[in-house]
Amino acid sequence: MTYQRPVFFPTQTQQAKMLNWIAIAGIVALFGTAIHAWFALPETIPIHFGFDGKANGWGSKNFLWLFPVVCFLIYGMLTVVSRYPQTFNYAVQITEENALRQYQIACSMLNWLKTEMVWLFAYIEWQIFYLANTETPNLGIWFLPVSLMIIFGTIAYWLFQSFLAR
C-alpha cells in the first residue's frame, strides 16, 4: 500500500519572490556576459579548470553559451518542480500536521539552491571572460571548496530545519 501525502500548495513568501528575482538577474547577467564576451574574446578560451583552479582545457568561445542556457533550464526545471513538494523525498515522515511546514522548508531550500547555482554559473562565466586573455588562467584553489561548502551548507541547513519541524 502506498502512502498518499497531503497536497498543499505553499504560498510564495517574500523571500522566495526576492530569491527568484535575484536568480533572474543572474540569468540576465549570464546572457549579458556571454554576449559581451562573444565579441570581445579570441576564438580559443579556457573552458575547464582542475581541482587546483588552473585552466587545463581550452576550447571554442561557443562554450560561453553553455552556462546561460543550462542555467536557464535548471532555473525553469527547479521552478516547475518546486510547485509539487508532495512528490519530493523527505528525511522525515510527512503527516497532515507537518506537511505544510515541510513543504515550505523544501521549497525554500530549492529557491536558495536555484539562486546559488545561477550565481555560481555567473561567476564562472565571468571568470572565463576575465581569464581568457591572461597567461595563466586560474580560478584559485579556494573556488571548488568554497562552492561545495555553499551548496552543501545550504542543503545541511535546510535538512536541519526539516528535522526541527518534524
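Contact is taken here to mean heavy atoms within 4.5 Å. The structure is a predicted model. The chain contains four helices and two strands, and from the N terminus on these elements follow the order α-β-β-α-α-α. The C-alpha trace spans about 60 × 30 × 30 Å along its principal axes. Among the contacts with a separation of 6 or more, 75% join residues 24 or more positions apart.

The chain has 166 residues, of which 40% count as buried. The exposed area of the chain is about 10100 Å², and 68% of this area is supplied by carbon and sulfur atoms. The chain carries 8 positive and 7 negative charges, whose mean positions are 10 Å apart.

Helix H1 comprises the 27 residues 14–40. From its first C-alpha to its last, H1 reaches 38 Å, which is close to the 39 Å expected at 1.5 Å a residue. The buried residues of H1 are Ala-16, Leu-19, Asn-20, Ala-23, Gly-26, Ile-27, Leu-30, Thr-33, Ala-34 and Ala-37. An α-helix has 3.6 residues a turn, so residues three or four places apart point the same way. The packing partners of the buried residues of H1 are helix H2 (66–81) and helix H3 (99–131).

The two strands are S1, covering residues 44–49, and S2, covering residues 55–60. S1 and S2 pair in the antiparallel sense over five bridges, and Ile-45 has Gly-59 in S2 as its bridge partner. The two strands form a hairpin with five residues between them. Within the turn, Gly-53 has a positive phi of about 90°.

The loop between S1 and S2 also holds Phe-51. Phe-51 counts as exposed because its relative accessibility is 73%, the cut-off for this class being over 50%. Beyond its neighbours within four places in sequence, Phe-51 is nevertheless in contact with Ile-141 and Leu-144. The C-alpha atoms of Phe-51 and Phe-143 are 8.7 Å apart in space, with 92 residues separating the two in sequence.

Three residues of helix H3 were examined individually. Leu-110 is found in this helix and is buried, with a relative accessible area of 13%. When neighbours within four places in sequence are left aside, the contacts of Leu-110 are with Leu-78, Val-81, Ser-82 and Phe-88. Leu-110 and Trp-158 are 48 residues apart in sequence, and the distance between their C-alpha atoms is 9.5 Å.

Asn-111 also lies in H3. At 8% relative accessibility, Asn-111 counts as buried because the cut-off for this class is under 20%. With neighbours within four places in sequence again set aside, Asn-111 contacts Ala-16, Leu-19 and Asn-20. These three contact residues are among the buried residues of H1, and H3 is one of the helices against which the buried residues of H1 pack.

Leu-120 is the third H3 residue considered. Leu-120 is partly exposed, with a relative accessible area of 22%; the cut-off for a buried residue is under 20%. Residues up to four places away in sequence not being counted, Leu-120 touches Phe-143 and Ser-147. Helix H4 covers residues 143–164. Leu-120 and Ile-151 are 31 residues apart in sequence, and their C-alpha atoms are 9.7 Å apart in space.

Ala-156 is likewise found in H4. The relative accessible area of Ala-156 is 44%, so this residue is classed as partly exposed. Ala-156 and Thr-11 are 145 residues apart along the chain, and a distance of 23 Å separates their C-alpha atoms.

Terms used: Residues are numbered from 1 along each chain as its sequence is written. This is a predicted model: local features need pLDDT of at least 70, side-chain atom pairs count only at pLDDT 80 or more; totals for chains, interfaces and linings use all residues. Side-chain values use heavy atoms; hydrogens and water are left out. Buried means under 20% relative accessible area, exposed over 50%, partly exposed in between (1.4 Å probe, protein chains only). Accessible areas come from the Shrake-Rupley method with a 1.4 Å probe; for residues, only the protein chains shown count as cover. Lys and Arg count as positive and Asp and Glu as negative; His and the chain ends are not counted. The place of a charge is taken as NZ of Lys, CZ of Arg, CG of Asp or CD of Glu. Two strands pair if DSSP finds at least two bridges between them. The expected span of a helix is 1.5 Å times one less than its number of residues.
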